[in-house]
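Colleague: Could you put the model up and take me through its side-chain contacts?
Modeller: Here it is.
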Amino acid sequence: LNSFFGESREGKERREMVEVVLARFTTELESFINTSCKFDMYFALPIYLSLLDRLDDTPEQSYIYTVLRDNLTVSHQLFNKMHKYQKAKIMENQRKAGRGTAHSVTQFTQFLLYSESLQKHGKRTSLDMCYNQLADAVAESIEIFANEQSKAPAEVVIVENFHFIYNFLFRNKIDSLDKFRKRCHKKYEEHLELYVKAYLGIPLDKVTLFFEGVQLKLNSGVPTKR
């Protein structure tokens, strides 16, 4: 009779027991996430991406969906905190990493490699937004880094760093950074042109034509001494 008019006593007790267990599980999972990210802020990235993937594969009617959804909110907040920290590191750290490459550039590319190794499939909205904000930060940091150098002209430093990023993005093919890749290539070409004009007094296209002419002569059999 009880089962006809509504939930049976056994069904109600079972549901209440499951709710208690899942509430405890939610608390423990949240505690694990917070503790992990206190130990290393970058743990927020794999945790957030993993929960995002699991949530997509879980039926919305299930109890576990609620647990994952609640903890996804927590992990997303920690992911945003990690993203802001990474952006601040890029802007603050302008020291040289070697051969004129800004440390912020190597930080940026290493972060991309790490993130891409974790995110093979699934939603990328937050991650791609993070990428583009970091890209803007690293572009600004290159300008600052170049202007603070005393051993090399600013144009040379800018050319080297934007060319470094362009080559990296060309090899790794990150769709959301395709516009930034083209932007880096444009920056590289513009500052290379400025450098050539400033130090050689000749537009870059004329220098290119000269060397192409030399190569044509060599290809046609003209001796190198000529």
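Colleague: Which residue forms a salt bridge with Glu 143?
Modeller: In this predicted model, Glu 143 pairs with Lys 187, and the closest N and O atoms are 2.9 Å apart; a salt bridge here is a side-chain nitrogen of Lys or Arg within 4 Å of a carboxyl oxygen of Asp or Glu. Glu 143 lies in helix α6 and Lys 187 in helix α8, so the salt bridge ties together parts that are 44 residues apart in sequence; helices are DSSP runs (H or I, at least four residues), numbered from the N terminus.
Colleague: Is Lys 187 buried, partly exposed or exposed?
Modeller: Lys 187 has a relative accessible area of 24% and therefore counts as partly exposed, where buried means under 20%, exposed over 50% and partly exposed in between, with a 1.4 Å probe and protein chains only. Glu 143 is also partly exposed, at 24% relative accessibility.
Colleague: What about Asp 136, which residue does its side chain meet?
Modeller: The partner of Asp 136 is Arg 183, in a salt bridge of 2.9 Å from N to O. Asp 136 belongs to helix α6 (residues 125–147) and Arg 183 to helix α8, with their positions 47 residues apart in the chain.
Colleague: And how many salt bridges are there by this rule?
Modeller: The count comes to eight. Among them is Asp 178 with Lys 182, whose closest N and O atoms are 3.5 Å apart; both residues lie in helix α8, four residues apart, about one turn of the helix.
Colleague: Switching to rings, how many aromatic pairs does the search find?
Modeller: Five, from a search of the whole structure. One of them is Phe 39 with Phe 43, a stacked pair at 6.2 Å centre to centre and 20° between the planes. Rings of Phe, Tyr and Trp (its six-membered ring) pair if their centres lie within 6.5 Å, and planes under 30 degrees apart count as stacked, over 60 as edge-to-face and the rest as tilted.
Colleague: Which type is the pair of Phe 108 and Phe 180?
Modeller: Phe 108 and Phe 180 are edge-to-face, 6.1 Å centre to centre with 85° between the planes. Phe 108 sits in helix α5 (residues 103–118) and Phe 180 in helix α8 (residues 178–200), so the pair ties together parts 72 residues apart in sequence. Both Phe 108 and Phe 180 are buried.
Colleague: Any caveats on the numbers?
Modeller: Local features need pLDDT of at least 70, and side-chain atom pairs count only at pLDDT 80 or more, while totals for chains, interfaces and linings use all residues. Residues are numbered from 1 along each chain as its sequence is written, and side-chain values use heavy atoms, leaving out hydrogens and water.

Conventions: Helix = DSSP H or I, 4+ residues; strand = E, 2+ residues; numbered from the N terminus.
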